[in-house]
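Here is a short tour for a reader new to this structure. Look it over, then follow the report below.

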Amino acid sequence: MRAGRRWLVGHLGLVYLFLYGPILVLVALSFNKSGLPTAWSGFSLEWYGRMLRNQAIIASVGNTLIVAAASTLIATTLGTLLALGLDRLRPGPLLEGFVFVPMIIPDIVLAIALLSFFTLIGMTLGLHSIILAHAVFNIAFVCAVVRTRLRHFDRSIIEASIDLGASEFTTFRRVTLPAIFPGVLAGALLAFTLSVDEFIIAYFTSGAGRASTTFPMQIYAMIRFGVTPEINAVATIVLGFSFLLILLSQRLNRDATP
Amino acid sequence: MTSETKTVVEIVGATKRFGAVTAVDDLSLAIRENEFFALLGPSGCGKTTLLRMIAGFERPDAGRILLDGRDITDLRPNRRPINMMFQSYALFPHLSVHGNVAYGLEMEGVRGAELKRRVEEALAMVRLEDFARRRPHLLSGGQRQRVALARALVKRPRLLLLDEPLAALDKKLRTQMQLELKRLQHETGITFLVVTHDQEEALAMADRIALLNAGRIAQLGTPRALYERPASRFVADFIGVMNFFEGRLTSAAAGVAEIEVEGLGRLRGDAGGSGGSDGGLPGSAPVVGAAATLAVRPERVRLSLEPPQESLPNGLSGVVLDITYLGQDLMVHVGLAGGRAPLIARLGAGSEVAAALAEGAVVWCRWAAEDARILME
C-alpha cells in the first residue's frame, strides 16, 4: 500500500518535471545576465529592458491586443447567442456538431480555408482579416463554454421572470444574462487567451505588410536568428499572462456552479 | 362558507393537443373567489397543461379562459394578474432573497420605501425576515419554497397557481407546509389553485378538487364527496384504498342497489340519489343485468370472529392472510372464496376484535349498505 503510494508520487513528480522543466529553464534564462544558455552568470533584468525598447515587439503586442480584444468581443456576443439558440431549439446532433468543428479542425486547414475564402471574396488582408479569422474559431469555443453553463441552467427561471411581469427583453437583461454571466466571462477569457498566442491562422491571414504583424509572428521572425534572451523575457511575460487568464477563467467557472 | 361565490377563473371548453396527444380535452371549469382548489390526477392527465394555460405559457387550441369575466386567452403571461409558484421554485440564483421577492414589484414600477415595506411584509408572512440577504443556494428546500411563495404572493395576484408545491419536500416538512399553505391562503384571501398528483395532499388542503383523467374532469367536488361518493371506478380507485367487487346489477331501488357477484352471492350498496347533488347511480343507466362494481372502503368493513346471528346482507367469510400494524390502526388482508384479490379491512388497533385476530383465523366481514357504493361500468 505504502510502496504503491510512493510510486504514484514519484510518477506524478516525473510528469510535472516533464511538463514544466523546460518552462522553468526558460524563465530562469530570461533573468540570466550573460545571455548565454549554457552558464548562469547572475540575476539581471537587462533583457526585459531591451525587450521594452524594441519597437517591433511593442508594435506587435499592440496588434495582438487589438486582434484579441476585437475577436473576443465578436466571438463572445455571437457565441453566447449561438449557445442560447442551440439550447432553445435543440437541433439534431449533426447540426449541433457542426458548430464545434472549428474547435477540432487543424489550424492549418482552417488557415488555408480562410485565406482562400478572403481571397475569393476579394477582401484586403490585414488586422481586420485576422480578427475575423480568430472570431471564427473563438465563436465555437465561447459557445461550448456557455453551453456547459446552460446545462445547469433551470429554464423555468425565464418563465418565472415573465410570470412576474417582465418582458422578454427585461428577462434576458435581468435574469438570463446574469445567470449565465460567469460562463460568458469564462468563454471570453478563453477566447482572448487563444487569440493572443494563435500563430498559424494569423500568419496566413495577415497579408504581406509588416503593419499587421502580431506578437507570435514577431517572435517567429526573431527566432530565425536564434533564441535570444530577449525572447526568453518575452515568453516569460506571455506565460505569466496566459497562466493568470486560465486561472481566472477556471475560477469563474467553478464559482458559477452552485 | 357564504353563498356569495364569485367566479375568479372560468375555463370554457379548453382543448390542447401536443402532436397526437390531447392533453386537455374540451374541459370546462370554474374556480371561485377565495377558494383553495386542487387539480388532481395521475401524471399525464393534463393538469399541468391546464395550469400553464391559465398562467399563459400554453395557448389552448380551442376554448377560452376568462378572468373575472374578461377573456384573457390571448393575453401574454406577463400581463395577467396571475402568479405561479414553480415546481422547481425557479428562484433567481444571482439575486438575494430580497431581490427575488422585489423583482415582481419592480416590474410593476414599485420603488423606494414602498418596495422595501412590501417585500419585508411578504418575507414576514413566510417567516423569512432574517434571510433577506441570503442567496437561494444557501437556503434549505423548505426555505426556498417559502421564498418562491413570498415572491408570488407579494404581487397580490387574483389567482396563485402552485405546481406540485410539496413534491420536493420530505414527508414531515410536507405536512407542515400543507398547514402553512392553508394559513397563507386564509390570511391573504387569494384564490389558490394547486396542481398535485398526491391525493392525500389534495384531500388535506383543498376546498374543492377536480380529479382529471386523460384531459377531462373525472369528478369535481369537495374532498369528502370524492372520497365517499366517487362517481366512477377511476375516482374510487385513485382516491384512497378501495375494495372492488365486480358483478351484475340485480336491483336498483330506493337508494339501495344490489349486485350478484360470482361465488359470493348478492352484495348491497348505496345507489346514490338520497340527498346530495349526485342523482342516482353514476355511470351508464342502471339496467338490471348490466355489469356493475361494488366499492367499499377498508375502514367501513367490520370484522367479527363469530358468525353473525341473523343473516345480514354483505356478510362474507374469509381467512386472515396478513395483518399489518400501522400504529393506530391495523390493516387486515382477508382471503375470500373464488381466488379473488383479498379484501382489505382497516380497524382500530385497540379494538376488541383486533386483539383476538391472528393470521389463519376465520373471520366474518360485513358492511352497511350505505357504506358501499355501486358503480356502473
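## Strand S19 and its partners

Four bridges join strand S16 (residues 316-325) of chain B to S19(B), and the two strands run antiparallel. Within this pairing, B:Gly318 has B:Val363 of S19(B) as its bridge partner. The model is a predicted one.

S19(B) also pairs with strand S15 (residues 302-304) of chain B. Three bridges hold that antiparallel pair. Here B:Leu303 is matched with B:Cys365 in S19(B).

Which residues of S19(B) lie on its covered face? They are B:Val363 and B:Cys365. The uncovered face of this strand, residues 362-366, carries B:Val362, B:Trp364 and B:Arg366. The covered residues return in the pairings: B:Val363 is the partner of B:Gly318, and B:Cys365 is the partner of B:Leu303.

## An open sheet in chain B

Chain B also holds an open sheet of four strands. Their order is S2-S1-S4-S5, and the pairing is antiparallel. Two strands sit at the edges: S2 (21-32) and S5 (70-71) of chain B. Each of these pairs on one side only.

Start with strand S1 (residues 7-18) of chain B, which eight bridges join to S2(B). Five bridges join S1(B) to strand S4 (residues 62-67) of chain B. Both pairings are antiparallel. Some of the facing residues are listed here.

| Residue | Bridge partner | Strand of the partner |
|---|---|---|
| B:Glu10 | B:Ala30 | S2(B) |
| B:Ile11 | B:Leu29 | S2(B) |
| B:Thr15 | B:Ala62 | S4(B) |
| B:Leu303 | B:Cys365 | S19(B) |
| B:Gly318 | B:Val363 | S19(B) |

S1(B) and S2(B) form a hairpin. Two residues lie between the strands. In the turn, B:Gly19 takes a positive phi of about 60 degrees.

## Helix H3 of chain B

Now turn to a helix. H3 of chain B covers residues 112-125, 14 residues in total. From its first C-alpha to its last it reaches 20 Å. That is close to the 20 Å expected at 1.5 Å a residue.

Which residues of H3(B) are buried? They are B:Val119, B:Ala122 and B:Leu123. Seen down the axis of H3(B), the buried residues fall within an arc of 100 degrees, so they line one face of the helix. They pack against two other helices of chain B, H2 (97-108) and H4 (141-153). The other side of H3(B) has exposed residues: B:Ala113, B:Glu114, B:Arg117 and B:Ala124.

## Two positive phi angles

Most residues other than glycine have a negative phi. Two residues of chain B go the other way. B:Tyr89 has a positive phi near 70 degrees and is not a glycine. B:Arg127 is not a glycine either, and its phi is positive at about 60 degrees.

Where do they sit? B:Tyr89 is in the loop between strand S6 (82-85) and H2 of chain B. B:Arg127 is in the loop between H3 and H4 of chain B, just after H3(B).

Is each one buried or exposed? B:Tyr89 is buried, because 24 other C-beta atoms lie within 10 Å and the cut-off for burial is 20 or more. B:Arg127 counts as exposed, because it has 12 C-beta neighbours inside 10 Å and the cut-off for exposure is 12 or fewer.

## Chain A and its contact with chain B

Chain A has twelve helices and zero strands. Its pattern along the sequence is α-α-α-α-α-α-α-α-α-α-α-α. Taken along the principal axes, its C-alpha atoms fill a box of roughly 70 × 65 × 35 Å.

How much of chain A is buried? Of its 258 residues, 33% are. Contacts in chain A between residues at least 6 apart in sequence were also sorted by separation: 79% of them join residues at least 24 apart.

The two chains touch. Chain A gives 15 residues to the contact, and chain B gives 18 residues. On the chain A side, helix H8 (156-163) and helix H9 (168-196) each supply at least two residues. H8(A) gives the largest share of that side, six residues. By class, the chain A side has nine nonpolar, three polar and three charged residues.

Definitions and conventions. Residues are numbered from 1 along each chain as its sequence is written. Chains are lettered from A and ligands numbered from 1 in the order in which they are written. This is a predicted model: local features need pLDDT of at least 70, side-chain atom pairs count only at pLDDT 80 or more; totals for chains, interfaces and linings use all residues. Two residues are in contact if their C-beta atoms, placed from the backbone, lie within 7 Å. Ala, Val, Leu, Ile, Met, Phe, Trp, Tyr, Cys and Pro count as nonpolar, Asp, Glu, Lys and Arg as charged, and the others, Gly among them, as polar. Two strands pair if DSSP finds at least two bridges between them. The expected span of a helix is 1.5 Å times one less than its number of residues. The arc is that of the directions from the helix axis to the C-beta atoms.
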